[in-house]
Amino acid sequence: MNDTFTFSQGSVPLLISVPHAGLRLTEAVGRGLVEPARGLPDTDWHIPRLYDFAQALGASVLVAEYSRFVIDLNRPDDDKPLYAGATTGLYPDTLFDGTPLFQPGQVPAAQQRAHYLERVWRPYHQQIASELARLREIHGYALLWDAHSICSHVPRLFDGKLPDFNLGTFNNASCAPELAGRLEQVCAEAQGYSHVLNGRFKGGHITRHYGDPAHDIHAVQLELGQATYMNEQPPFDYRPALAEPTREVLRRLLEAALAWGRETYPR
Ligand SMILES: [Zn+2]
């Protein structure tokens with residue numbers, strides 16, 4: 001048993017990964033946070049609720065329990081920076097806005113952080129790897145959807161307002177370009193929403209590491225602007241009436257990915 005994530009196995013060749021929605025803290029991290037960090041402002045809020053239709057589509061769903069303030073599952077274990085310019089690392093030291101995350105002298109010790117790597121980071125990644133291997137074995141291919149969201153305005157990370165749907169395929173290295181094209185088309189047809197492919201967010205470590213289209217594993221990251229479904233200020237509440245049409249676009253995106261898979265890999 002593992003208490004650092006929840007996993008439900010589905011029946012279609014799609015795994016949804018949710019690495020940043022977790023709210024649990026370790027004792028050391030919880031004790032050390034500065035006041036503005038205690039409400040966990042950089043969480044990918046409500047993502048499991050937003051995607052709660054995905055199990056009915058037959059997708060496998062993997063959801064991390066721990067907050068990114070403990071360890072960031074979408075960073076490589078050697079902590080090489082993902083993006084040029086401002087970013088946050090494997091063990092974040094700041095909030096997105098640059099505020100130090102921990103009170104002076106309260107940064108968790110290296111030994112504790114090494115424990116988080118073994119206890120939280122590795123099991124999550126082992127689960128992604130084993131599920132993708134299982135799906136490819138059964139279906140001949142696997143789709144990985146790394147589901148994220150972020151506040152639409154973070155001046156330290158990007159200028160102005162972020163588009164609503166930010167698709168990342170690591171500049172077409174993590175999935176077949178035809179799949180990315182189908183997804184862009186769904187976004188383009190979604191009235192009232194903006195989108196971009198490989199803009200500010202091109203896909204983090206999960207997308208880059210597991211996406212291997214030459215070996216029939218196609219990975220896509222969606223960084224969703226939080227203004228499409230929630231209040232971006234504390235207490236970060238979910239807004240059902242706002243979220244419903246956004247969920248409909250998410251459903252069409254996942255259905256388009258599965259339809260592309262069925263056409264591209266006929267049985
Ligand atoms: Zn995220």
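Colleague: In this predicted model, what makes β5 and strand β7 (residues 217-225) a pair?

Modeller: Two strands count as paired when there are at least two bridges between them, and β5 and β7 share four bridges in the antiparallel sense, so they pair by that criterion. One of the contacts in β7 is L222, the bridge partner of L167.

Colleague: How do you know that β5 also pairs with strand β6 (residues 195-197)?

Modeller: The cut-off is again at least two bridges, and three bridges join β5 to β6, the two strands running parallel, so this is a pair as well. F165 stands opposite H195 in β6, and the chain passes from β5 through helix α4 (residues 177-189) to β6 in a right-handed β-α-β crossover.

Colleague: Why are both faces of strand β5 (residues 165-168) called covered?

Modeller: In a regular strand the side chains alternate between the two faces of the sheet. Here F165 and L167 on one side, and N166 and G168 on the other, are all buried.

Colleague: Which protein atoms are the donors of the zinc ion, and what makes them donors?

Modeller: A donor atom has to lie within 2.8 Å of a metal such as this one, and H20 (ND1), D44 (OD) and H148 (ND1) lie 2.1 to 2.2 Å from the zinc ion, so they meet the limit. H20, in the loop between β2 and α1, and H148, in strand β4 (residues 142-150), are 128 residues apart.

Colleague: Why is H20 called buried or exposed, and what about H148?

Modeller: Buried means under 20% relative accessible area; H20 has 4% and H148 has 1%, so both are called buried.

Terms used: Residues are numbered from 1 along each chain as its sequence is written. This is a predicted model: local features need pLDDT of at least 70, side-chain atom pairs count only at pLDDT 80 or more; totals for chains, interfaces and linings use all residues. Side-chain values use heavy atoms; hydrogens and water are left out. Buried means under 20% relative accessible area, exposed over 50%, partly exposed in between (1.4 Å probe, protein chains only). A crossover is right-handed if, with the strands pointing away from the viewer, the path from the first strand over the helix to the second runs clockwise. Donors are N, O and S atoms within 2.8 Å of the metal (3.2 Å for Na, K and Ca); water is not among the atoms, so sites may look incomplete.
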